[in-house]
Amino acid sequence: MVLLSGGLDSTTVLAIAREQGYETYALSFRYGQRHTEELEAAKRVAAELGVAEHVIADINLAVFGGSALTDDALDVPHHESVDDLGSEIPITYVPARNTVFLSFALAWAETLSSSDVFIGVNALDYSGYPDCRPEYIEAYERMANLATKAGVEGTQKLKIHTPLIELTKAQTIERGLELGVDYSWTHSCYDPIDGRACGTCDSCLLRGRGFAELGLVDPSLVSAKS
């Protein structure tokens, strides 16, 4: 079970799970996000990497607001340089998003008799989201094994795999390229312009720096400029 947003990190995680020999099931969300282009990317990635099944679940976190990704009254921040990113949790944080997503993954995993959930959280090159930290994942895993019939009966011991959690963005990209990932399939931008990456939101800047550190150009920015 792989949580697949259609972005760089989750695509790399899907490739890693596949390379490790897992039969992969991909779960994406239409959660009221303004950047729905990522769902088209998720469909491309799922097809290219041959998942057994790809489900897009409909939930609506926009009814709560509180994030620039789900509330049109809030602007997505833009910066001239990745060095301008602050240390505070940004307004693009979606309250409890990973907790909600992992709960859906846990439910589907139980019906599939799967004990393995993969998620592309990262504690290094990320925007400071609290639900991307190792201590959060460890706590959620403990809770999850108390929360299901399969867990109580001992037929499932859930493991949340976080293969990127200690990697820089450049290391993540390098790993994906080794596995044959074409990052032109992916979309990470928070505030796309006519479907193209803006190049100046937090996500674009962090992603762009990763490619630059490898001496490469982010293919999403190449297509945006063409």
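When two helices are compared, each axis is a line fitted to C-alpha atoms over the stretch in contact, and the angle runs from 0 to 180 degrees between N-to-C directions. With that in mind, we can look at one helix pair in this structure, which is a predicted model.

Helix α6, covering residues 169-178, packs against helix α7, covering residues 202-213, at an angle of about 65°, and their axes lie 8 Å apart. Because angles of 65 to 115 degrees count as roughly perpendicular, α6 is described as roughly perpendicular to α7. The crossing in which α6 passes α7 is right-handed. On the side of α6 the contact is made by Lys-169, Ala-170 and Ile-173, while α7 contributes Leu-206, Arg-207, Gly-210, Phe-211 and Glu-213. Sorted by class, the residues in this contact of α6 with α7 are four nonpolar, one polar and three charged.

We now turn to the nonpolar cores. The largest nonpolar core has 38 residues, and those that touch the most other members are Leu-3, Leu-27, Phe-29, Tyr-31 and Leu-102. Two or more residues of this core come from each of β2 (25-30), α3 (97-112) and α4 (134-144), and α3 gives the most, with six residues.

Leu-27 can serve as an example: leaving aside residues up to four places away in sequence, Leu-27 touches Met-1, Val-2, Leu-3, Leu-4, His-54, Val-55, Ala-57, Phe-104, Ala-105 and Trp-108. Apart from the largest core lies another core, of 21 residues, which includes Leu-14, Ala-26, Val-51 and Ile-173. Ile-173 of α6 has already appeared above, as one of the residues that make the contact with α7.

Definitions and conventions. Residues numbered from 1 in each chain as written. Predicted model: local features only at pLDDT ≥ 70, side-chain atom pairs only at ≥ 80, totals over all residues. Heavy atoms only, no water. Helix = DSSP H or I, 4+ residues; strand = E, 2+ residues; numbered from the N terminus. Parallel < 35°, antiparallel > 145°, perpendicular 65-115°, else oblique. Left-handed = near helix turned anticlockwise from the far one by under 90°. Contact = heavy atoms within 4.5 Å. Nonpolar A, V, L, I, M, F, W, Y, C, P; charged D, E, K, R; others polar. Core = buried A, V, L, I, M, F, W, Y, C linked by side-chain atoms within 4.5 Å. Buried < 20%, exposed > 50% of the residue type's maximum accessible area, 1.4 Å probe, protein only.
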